[in-house]
Amino acid sequence: MLRRSARHAIAPTITLDFLIPRAALCGRTQAAVGSSGQPAHLGYRRLSSKLSPLPSASSSTPTPGTVLAHLERTIGPLDKQHLPSLTHTQVDAFNDAIPGLRTALAQRDLAKAKEIWTSLKQKSLMAFFGPAQYDVCARAVKDLLKHTSFSRLSEGDRQFLGDIAMACAVRRFTNGLRALMLAAVKDGNPEAALALFEQYVTELQERTIPRSDVAEGSSPLATDEFPAEDDESPTSPSPVRDDVLLAAVIAYAQLDNFAGALQVYLRTDTRIAQATLEATLRPSQLSHDLRTKVLLYARRLNAAALLSKPPTLMKHLSNLTRDLADKCLERLYATVIAGASGPDAWVATKPSQLSGTRAVLLPDFFWASFMKSFLACRRTDMAERLWDDMSKLAVKPDIAVWNAQLDGYGNLRSLDAVRTTWEVMVRQGVKPDALSHRALISAFFAVGKADEGLAHFHAFGQECAKKGARFEDSGVLAVYNTTLHGLLFADREEDALAIKRKMTDTGPKPDILTYNTFLRYYGRKGKLKTMASMLQELEPAGLKADVYTFSTLLAALLKVRPDADQIVVNFMKKQGVVPDTTSLTAIIDHQLRERTPHNFKVAMDLITKMERGDFGDAQPNAITYTSVLTAINRDRWLEPSVVDEYNKQIWEKMKSRHLQPNRATYNVLLKASLEGREPEGLENALRYYRDMVGQRVHVGTDTWYILLKGLLDRKRWDIAGEVVKDMRQHGVTNLSRSLRTLVEKVSRSNGMRAAGAGAGSDL
């Protein structure tokens, strides 16, 4: 609040305390004392007293520059307006008005509050409102509506409260506006709530929103179906707060108007956080039927948001498939399919259906991608259901869907299913393309039927010759490369060489993948002279070696040549590739992906030489070390003792070289430590966690999940409880379903333990 000094007729001293961020005023107090009067980050502090600190790469003490930068970022709510000089009268008026306004609202004296608010505007004192004043006003509106129903407010009072709530909401303090909208909904007036929302959006558009003002709740909904991935966030974050958007969705649900909710949801580009959904849909807030409908709307809206951004959907499906999250895939698929039919259909399966409520078009890759994902997760039942759904929706499967099924069953080594799919496809008049043939040939080789695979390849070649197929078609080249890989894997070198000669003479011309396939084969056989001959063919063929080529060559040469790395570096330079940190890191990563003791030694030796400076300025960086940690801790392909030793070594190297570990580094080490031996594993995990917090590395939901999952697996409910307290102190809200389940389990268990201890003391 503005304060003045009246001593010795000195001009009033104006203390703009609202310029000071709330975090700067009370952050340290809150960090020291939590809401319960106990130290914040209790688990961290208790644990830190038991464990020696890790060496720190950088000081955690904020510098003056850091503090000033933080202040500048936080002063955004002042709208960067120039503050004019104030008169004594203005100072007195401002100092009297703020507590008076708060008192009037608390006493539900709207006439008095309106008078003060109008006076502030008339005297041009609104420019001096800061976060503290907007927060107070927003909370006052919210508290007033706890005791006053929307219907009992006069039109003038509604407009007045809306004016205050709106002024606060566009500056990030949305408590009042959300409460006003929900009050309108509870009184059966959703139209009024939607009018407030539209006014809110309009005022946001008319106002330049600093990036720091963007709502944290604007991230995608964090659930198993719709994770809040960093790379899925909007490129330009929406200024619309998710709690206000949810209030609008509730109003649309009350009107039974999903189409309206969908239009608003897609227009704002904001995603509703799971925590916001749970906090708003409490039984005391809404009726059971309305809550149920809003939850249904939320699932549909988030599915629609994914469908409306095909690249995001593709990445999301890839992530779910990688994690074998078949249940999440099934739920997402079911939500979309349910939206493609019925009176409330909102999904269009083809462009001609886009009209009315059908506002979202299924991407072209939808069916093929889900087919691929289901079969990758071994969900043949869902693959069959997908075909049934396509039939019900009158969707004709294109060749991409057929190929996805052929590939999927082939990867499952189910040759009978591949053959059946092929026969049905041909019987229905679908013409197989090159990738269809590639999938069938790959399936033959996968089950050891090399003769049948080669026979089908020759039949494919004859068909191409008859029809004059263009060999520059990438699909045709894929058939040849798949066949070569299968033949070499079956140790049929002569057949593979015959096909390569034919490719060189008549096409399709071999590419770098063709040569890499042979190089890998000869490298494993130890045929270095043949490898050298293959490498000499690259330049005449107009091809450039890639990382796979260099890595394969290095692994083979190190078996017989102590100077193998220098030979590879010279070859890289000859190919026009600079042996810098990026290229050498890629080679190391490729070596580790082979998952053999020999390749592991190659990778570690290469890092040692980088550290020693053998490659000039190509020094290992945080990415290099993190890629090593990720590879050696995945799937237990190395002895646990070896992994433990290298985890420690790499950590110490990063610290000694002043390389700041990132979140991925900490996640790998935390997971590995918690899965390690007692008690060192637990102690190491807690040290890594403490260092992560001390270095101010963002602790994401993935990190919290790793911590809680590892602690529960170890039955360390006490420490898990402290981690949950830390989460609350960090203000973690966007919990995935799996993380939320762990938190609830910890809270429930510790609550029962506390109750049991209390009962015991009573006895």
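# Helix packing, a pocket and unusual backbone angles

Visitor: Which helices do the buried residues of α27 pack against?

Guide: In this predicted model, the buried residues of α27 make their contacts with four helices: α25 (528-536), α26 (547-557), α28 (581-593) and α29 (597-612).

The buried residues themselves belong to a helix that spans residues 564-574. The packing partners asked for are α25, α26, α28 and α29.

Visitor: Where do the buried residues of α27 lie around the axis, and what arc do they cover?

Guide: Helix α27 buries A564, D565, V568, V569, F571 and M572. These residues are on the same side of α27, because the arc that they cover around the axis is only 160°. In general, an α-helix has 3.6 residues a turn, so residues three or four places apart point the same way. For α27, the buried residues share one side, and their arc is 160°.

Visitor: Which exposed residues does the face of α27 turned away from its buried side carry?

Guide: The buried side of α27 includes V568 and F571. On the face turned away from that side, the exposed residues are K573 and K574.

Visitor: Which residue follows α27, and what is its phi?

Guide: Helix α27 ends at residue 574. The residue named after the helix is G576, and its phi is positive, near 80°.

Visitor: What is the volume of the second largest pocket, and which residues are closest to its centre?

Guide: The second largest pocket has a volume of about 430 Å³. It is lined by 22 residues, and those closest to its centre are T321, A368, S369, K372 and S373.

Visitor: Which helices each supply at least two residues of the lining of the second largest pocket?

Guide: By class, this lining consists of nine nonpolar, seven polar and six charged residues. The helices that each give at least two residues to the lining are α14 (310-322), α16 (366-376) and α18 (399-411).

Visitor: Which residues does a cis peptide bond join, and what is omega?

Guide: Most peptide bonds are trans. The cis bond here involves P508, which is placed in the loop between α23 (493-506) and α24 (512-525). The bond joins G507 and P508, with omega about -5°.

Visitor: Is R378 buried or exposed, and what is its relative accessible area?

Guide: R378 is found in the loop between α16 and α17 (380-392). Its phi is positive, near 60°, in a residue other than glycine. R378 is exposed, with a relative accessible area of 61%.

Visitor: What is the phi of R696?

Guide: R696 lies in the loop between α33 (680-694) and α34 (701-713). R696 counts as exposed, at 59% relative accessibility. Most residues other than glycine have a negative phi. The phi of R696, however, is positive, near 60°.

Key:
Residues are numbered from 1 along each chain as its sequence is written. This is a predicted model: local features need pLDDT of at least 70, side-chain atom pairs count only at pLDDT 80 or more; totals for chains, interfaces and linings use all residues. Side-chain values use heavy atoms; hydrogens and water are left out. Buried means under 20% relative accessible area, exposed over 50%, partly exposed in between (1.4 Å probe, protein chains only). The arc is that of the directions from the helix axis to the C-beta atoms. Contact means heavy atoms within 4.5 Å. On a 1 Å grid over the protein atoms alone, a cavity is a set of points where a 1.4 Å probe fits but cannot get out, and a pocket is an open set with protein on both sides within 12 Å along at least five of seven lines; lining residues have an atom within 4 Å of a point. Grid points are joined across faces, edges and corners, and a volume is the space filled by probe spheres set on the points. Ala, Val, Leu, Ile, Met, Phe, Trp, Tyr, Cys and Pro count as nonpolar, Asp, Glu, Lys and Arg as charged, and the others, Gly among them, as polar.
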